[in-house]
Amino acid sequence: MFTYCPSCASTNIRFEDAHVFKCPDCGFVYYHNTAASTALIIDSGNSIMFVRRGKEPAAGKLDFPGGFVDPREGAIDGLIRECREEIGWTPERGALSLFASFPNVYPYKNIVYNTCDLFFSICLDIPPEKMEKMFSPQQKEIASIVFAGYDKINLDDIAFDSTRAAADLYLKLR
Ligand SMILES: [Zn+2]
């Protein structure tokens, strides 16, 4: 990520333990810490909702609505904000439960972010055909909304390792 020390321009800067930059010449230290990210598994009782990603990374693959938690934001607030932005729908806070967490690696514009993904779930007792009208996907980020029956979910179509692991576990435990 850095070729030169951002403080003294030394080329001796080192990247250690997969998360810390240290410059032996001026003492500069920068922790490239794990970023928190949230995702929501929306369960209709016999299907799960996915968003088909409209942009890189993993354009065209299935994902759950969600995204990075902003600075000074809690995970649940971040999830609710991302749902509002991405699918035009605000989940009820009290109906959300934390389901699982997995690490992920998210390369974006030549920088690799290590994330800690928090997967929440919500069960909605509404038929998928009615549910589809509840959501208005953000055109820039999302190609389409997909309701996939429990037995029709192909894990290979899912965008990221962590999302795949969460979907796999959810299907096994339901
Ligand atoms: Zn330096």
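Here are a few questions and answers about this predicted model.

User: How is the chain divided into domains, and how far apart do the C-alpha centres of domain 1 and domain 2 lie?
Analyst: The split gives domain 1 as residues 1–32 and domain 2 as residues 35–173. Take the C-alpha centres of domain 1 and domain 2, and the distance between them comes out at 35 Å.

User: In the open sheet with the order E1-E2-E3, which strands are the edge strands?
Analyst: Three strands make up this open sheet, and their pairing is antiparallel. From one strand to the next, the twist averages 20°. An edge strand here pairs on one side only, and that picks out E1 (14–16) and E3 (29–31).

User: What is the bridge partner of Arg 14 in E2?
Analyst: E1 and E2 (residues 20–22) run antiparallel, with three bridges joining them. Arg 14 sits in E1, given that this strand covers 14–16. Its bridge partner over in E2 is Lys 22.

User: Which residues have the most contacts inside the largest nonpolar core?
Analyst: That core has 24 residues. Helices H1 (75–87) and H3 (161–173) each supply at least two of them, and so do strands E4 (35–43), E5 (47–53), E9 (111–123) and E10 (142–149). The residues with the most contacts inside the core are Leu 40, Ile 41, Phe 50 and Phe 119.

User: What does Phe 119 touch, leaving out residues up to four places away in sequence?
Analyst: Phe 119 is one of the residues with the most contacts inside the largest nonpolar core. With those sequence neighbours not counted, Phe 119 touches Ala 39, Ile 41, Phe 99, Ala 100, Ser 101 and Ala 166.

Notes:
Residues are numbered from 1 along each chain as its sequence is written. This is a predicted model: local features need pLDDT of at least 70, side-chain atom pairs count only at pLDDT 80 or more; totals for chains, interfaces and linings use all residues. Two strands pair if DSSP finds at least two bridges between them. Helices (H or I, at least four residues) and strands (E, at least two) are DSSP runs, numbered from the N terminus. Axes are lines fitted to C-alpha atoms, for helices over the stretch in contact, and angles run from 0 to 180 degrees between N-to-C directions. Domain bounds come from an automatic or database domain assignment. A nonpolar core is a set of buried Ala, Val, Leu, Ile, Met, Phe, Trp, Tyr and Cys residues joined through C-beta atoms within 7 Å. A residue is buried if 20 or more other C-beta atoms lie within 10 Å of its own, exposed if 12 or fewer, and partly exposed in between; C-beta atoms are placed from the backbone. Two residues are in contact if their C-beta atoms, placed from the backbone, lie within 7 Å.
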